[in-house]
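The following exercises concern one protein model. Please examine the sequence and the structure before reading each solution.

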Amino acid sequence: MFIKTLHQAKRFFRILFGFTLLLAGVIMIATPGPGWLTILLALGVLAAEFVWARRLLDRLKAEGERLRNSVFPPANGDRAA
């Protein structure tokens, strides 16, 4: 019973930490600070508990990679003519 309670307490604090980071990241978008980095970190923490956070994190990673490839095209010669 103690192990189950300990597991629930860890889960609660992980979720609380994730949402706190998420809120701080949203605030940092409007104020000085690494807002997007904090949001990504928060989604990484929350992805351990919630499927929606994992999906959103995967989508942000894919969009970031797409943006990076459009700004800095790969130099492997696979460009369309």
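**Exercise 1.** Which helix gives the most to the nonpolar patch?

*Solution.* The model is a predicted one. Begin with the members of the patch: Phe 19, Leu 40, Trp 52, Leu 56 and Leu 60 form a nonpolar surface patch of about 410 Å². Next, assign residues to elements: helix H3 spans residues 51–71 and gives the most, with three residues.

**Exercise 2.** Determine whether Leu 56 counts as buried, partly exposed or exposed.

*Solution.* First, locate the residue: Leu 56 lies in helix H3. Then apply the cut-offs: buried means under 20% relative accessible area, and exposed means over 50%. Leu 56 has a relative accessibility of 37% and therefore counts as partly exposed.

**Exercise 3.** Identify the residues of the largest nonpolar core and the helix with the largest share of this core.

*Solution.* The core has 10 residues: Leu 21, Leu 22, Ile 39, Ala 42, Leu 43, Val 45, Leu 46, Ala 47, Ala 53 and Leu 57. Two or more residues come from each of helix H1 (2–30), helix H2 (35–46) and H3. The largest share, five residues, belongs to H2. As a further step, consider Ala 53: apart from neighbours within four places in sequence, Ala 53 contacts Leu 43, Leu 46 and Ala 47.

**Exercise 4.** Compare the radius of gyration of the protein with that of a compact globule of 81 residues.

*Solution.* Start with the elements: the protein has three helices and zero strands. A compact globule of 81 residues would have a radius of gyration near 12 Å, whereas the protein has 18 Å. Finally, consider the dimensions: along the principal axes, the C-alpha atoms fill a box of roughly 65 × 30 × 15 Å.

Key
Residues numbered from 1 in each chain as written. Predicted model: local features only at pLDDT ≥ 70, side-chain atom pairs only at ≥ 80, totals over all residues. Heavy atoms only, no water. Patch = residues over 30% accessible without salt bridge, like charges linked within 9 Å, V, L, I, M, F, W, Y side chains within 5 Å. Areas by Shrake-Rupley, 256 points an atom, 1.4 Å probe, with all protein chains shown as cover. Salt bridge = Lys/Arg side-chain N within 4 Å of Asp/Glu carboxyl O. Helix = DSSP H or I, 4+ residues; strand = E, 2+ residues; numbered from the N terminus. Buried < 20%, exposed > 50% of the residue type's maximum accessible area, 1.4 Å probe, protein only. Core = buried A, V, L, I, M, F, W, Y, C linked by side-chain atoms within 4.5 Å. Contact = heavy atoms within 4.5 Å. Rg over C-alpha atoms; globule rule 2.2 N^0.38 Å.
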